[in-house]
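Me: I have a few questions about the words used for this model. Please set each value against its definition.

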Amino acid sequence: MTEKVLSNKKNGMAMMILWIVLYLVALLMTIFGAAFVWPLFIIGVVWLCVGWIPFLGLKVLKPQEALVLTLFGKYVGTLKDAGFYYVNPFCQAVNPAAKTKLNQSGDVDDGSKKSIFQAQNNGTVEMASKKVSLKIMTLNNNRQKINDCLGNPVEIGIAVM
């Protein structure tokens, strides 16, 4: 499967303003329709009930983050640049590296985590992030081999706590 980078979706602010204006129009239609015209009242109430769904398509990405989008299980594309995006509100963000120890694709866990929820030491449960970190992790192995001044190999053990 090839990666599709979605870079033309950076119109989150315009879409947010549009949906807010449409929501206010629906509120005015409901108020005006209740007093004078019943079809406007019905249309306004229907929009007030389902008008929150387009807001689910607003996505914010910080630098060094990516968002993998799927639509009903089918891969749609990846958002990689930082910004405020609007995507299909039925698209779901998926983190393919969420079931790894350090949330890296090369660091596979032992299979003990079966859901997207992670238990903390104090008994609370925290949801795993759906955003993929693009930060470079240098401490992703147990041992690193370097050379000293004379060229002799030296192994360094790294303890990450």
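**Strands and burial**

Me: What makes β2 and strand β8 (residues 132–133) a pair?

Reply: Two strands pair if DSSP finds at least two bridges between them. β2 and β8 are joined over two bridges, in the antiparallel sense, so the definition is met. In β8, Ser133 is the bridge partner of Glu65. Strands themselves are DSSP runs (E, at least two residues), numbered from the N terminus. This is a predicted model: local features need pLDDT of at least 70, side-chain atom pairs count only at pLDDT 80 or more, and totals for chains, interfaces and linings use all residues. Residues are numbered from 1 along each chain as its sequence is written, and side-chain values use heavy atoms, with hydrogens and water left out.

Me: How do you know that β2 also pairs with strand β3 (residues 74–79)?

Reply: Five bridges link β2 and β3, again antiparallel. Leu67 has Leu79 as its bridge partner in β3.

Me: Why is Thr70 called buried?

Reply: Buried means under 20% relative accessible area, exposed over 50%, and partly exposed in between (1.4 Å probe, protein chains only). Thr70 has 12%, so Thr70 is buried. Its place is in strand β2 (residues 65–71), where six of the seven residues are buried.

Me: Why is Asn88 called partly exposed?

Reply: Its relative accessible area is 33%, so Asn88 falls in the partly exposed range. Asn88 lies in the loop between β4 (83–86) and β5 (92–94).

Me: Which residues does Asn88 touch, not counting those up to four places away in sequence?

Reply: Asn88 touches Gly57 and Leu71; contact means heavy atoms within 4.5 Å.

Notes:
Helix = DSSP H or I, 4+ residues; strand = E, 2+ residues; numbered from the N terminus.
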